[in-house]
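Hi,

As promised, here is the structure you asked to look through. Please open it first, and then read my notes beside it.

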Amino acid sequence: MPTFVQRLRESTHDVHAQQEQDLAFLSSLETREAYTGVLAAFLGLHQPLEAGLADADWTAFPPPGASRAAAIRSDLAELGWSAADIAAAPMCPDLPAVDGLPAAIGVRYVLDGSALGGLLIARWISDRLELPPGFAQSFFGGRGRDPRRDFRGFLTAADASGLTPAAEQRAVDAALETFAVFTDWLGEHAAVHTAGGAR
Ligand code: HEM
């Protein structure tokens, strides 16, 4: 019998591979403006998704950690966006329903996991755009967090959470829905390049 975390991993393996492919363009961003647009697109996901997770009962889990939406807002401010610009960034309206802890676990699995890829992306972007050390890299660079340690702690708690098979399935479905939301939103808002060309 696979553990809960193994189920989460196996079920999302293929969509993650697709996500990496869709976001490969982040290694060749040309300008700070393009980077700013990408950050704004991520804000439209992280801000409402984090808000949706805030009401879940995380007693048996490590605390969620520093807000990644706040990290994006701080990066955008360093890149020259005013508070009004940031407040006007579009927010994704079609989010997975967080109707209890199982769905919240599924969504958090994707968000906390994505912070691992973020560390890699931070390196691509700072090298490519020659950003000064630490400048506007709070979000991808994981400022205020330790993404690997946080994720390990989260996975350990998830496996110990004793969900029923049906609740595990709810978490897996929510994780898949979250990946789908990323794909759709970033495809529309972050100029993601697909095999069919730029859109
Ligand atoms: C260019 C884009 C991306 C790259 C290069 C990337 C890369 C990675 C890498 C290297 C890991 C494993 C890190 C480690 O074990 O230390 C990882 C894990 C993960 N990433 Fe990504 N990632 C990307 C985008 C995303 C996005 C957009 C999401 C979510 C929407 C995501 C969700 C996850 C999850 C859930 C895990 C944890 C998998 C597990 O171990 O259970 N990734 N990613």
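Glu130 sits in the loop that joins H5 to H6. Please keep in mind that this is a predicted model. The phi of Glu130 is near 50°, a positive value in a residue other than glycine. The same loop between H5 and H6 also holds Ala136. Ala136 is not a glycine either, and its phi is positive too, at about 55°. Are these two residues buried or exposed? Glu130 has a relative accessibility of 67%, so it counts as exposed. Ala136 has a relative accessibility of 0%, so it counts as buried.

Next, the core. The largest nonpolar core has 60 residues, and those with the most contacts inside it are Tyr35, Phe42, Phe140 and Leu186. Seven helices each supply at least two residues of this core: H1 (4-22), H2 (32-53), H3 (68-78), H5 (101-129), H6 (138-141), H7 (147-159) and H8 (165-189). Which helix gives the largest share? That is H5, with 11 residues. Phe140 is a good place to start looking around. Leaving out residues up to four places away in sequence, Phe140 touches Tyr35, Val38, Leu39 and Phe42, and also Gly118, Leu119, Ile121, Ala122 and Ile125.

Then there is the ligand with its iron atom. Which protein residue acts as a donor to the iron? The single donor from the protein is His16, through its NE2 atom, 2.1 Å away. His16 belongs to helix H1.

His16 also turns up in the largest pocket, where it is among the residues closest to the centre, together with Glu20, Gly113, Ser114 and Gly117. This pocket has a volume of about 650 Å³, and 26 residues line it. H1, H2, H5, H6 and H8 each supply at least two residues of the lining. H5 gives the most to this lining, with 10 residues.

Staying with helix H1, have a look at Thr12, which is placed there. Thr12 has a relative accessibility of 3%, and it counts as buried because that value is under 20%. A polar atom of the Thr12 side chain lies 2.7 Å from the backbone oxygen of Leu8. Apart from its neighbours within four places in sequence, Thr12 is in contact with Tyr109, Ala175, Leu176 and Phe179.

Two other buried residues are worth a visit. Leu45 is part of helix H2 and is buried, with a relative accessible area of 0%. Setting aside neighbours within four places in sequence, Leu45 is in contact with Cys92, Val181, Phe182, Trp185 and Leu186. How far apart in space are Leu45 and Thr178, which are 133 residues apart in sequence? From C-alpha to C-alpha, Leu45 and Thr178 are 9.6 Å apart.

The other one is Ala158, in helix H7. Ala158 is buried, with a relative accessible area of 1%. Again without neighbours within four places in sequence, Ala158 is in contact with Phe4, Val5, Phe61 and Ile105. Ala158 and Glu168 are 10 residues apart in sequence, and their C-alpha atoms are 9.8 Å apart in space.

Last, a few notes on helix H3. At its start, a side-chain oxygen of Ser67 reaches to within 3.2 Å of the backbone nitrogen of Ala69. Which residues of H3 are buried? They are Arg68, Ala69, Ala71, Ile72, Ser74, Asp75 and Leu76. What covers these buried residues includes H2, helix H4 (83-87), H5 and H6. After H3 comes Gly80, which has a positive phi, near 110°.

If you would like a short route through the model, try this one:

- Begin at the iron atom and its donor from the protein, His16.
- Go on to the pocket, where H5 gives the most to the lining.
- Finish in the core at Phe140, which touches Tyr35 and Phe42 among others.

Enjoy looking around!

Best wishes

Methods
Residues numbered from 1 in each chain as written. Predicted model: local features only at pLDDT ≥ 70, side-chain atom pairs only at ≥ 80, totals over all residues. Heavy atoms only, no water. Core = buried A, V, L, I, M, F, W, Y, C linked by side-chain atoms within 4.5 Å. Buried < 20%, exposed > 50% of the residue type's maximum accessible area, 1.4 Å probe, protein only. Helix = DSSP H or I, 4+ residues; strand = E, 2+ residues; numbered from the N terminus. Contact = heavy atoms within 4.5 Å. Donors = N, O, S within 2.8 Å, 3.2 Å for Na, K, Ca; no water. Polar contact = N/O pair within 3.5 Å; in protein donor to acceptor, adjacent residues only side chain to side chain. 1 Å grid on protein atoms, 1.4 Å probe; cavity = no way out; pocket = protein on both sides within 12 Å on 5 of 7 lines; lining within 4 Å. Points joined across faces, edges and corners; volume = space filled by probe spheres on them.
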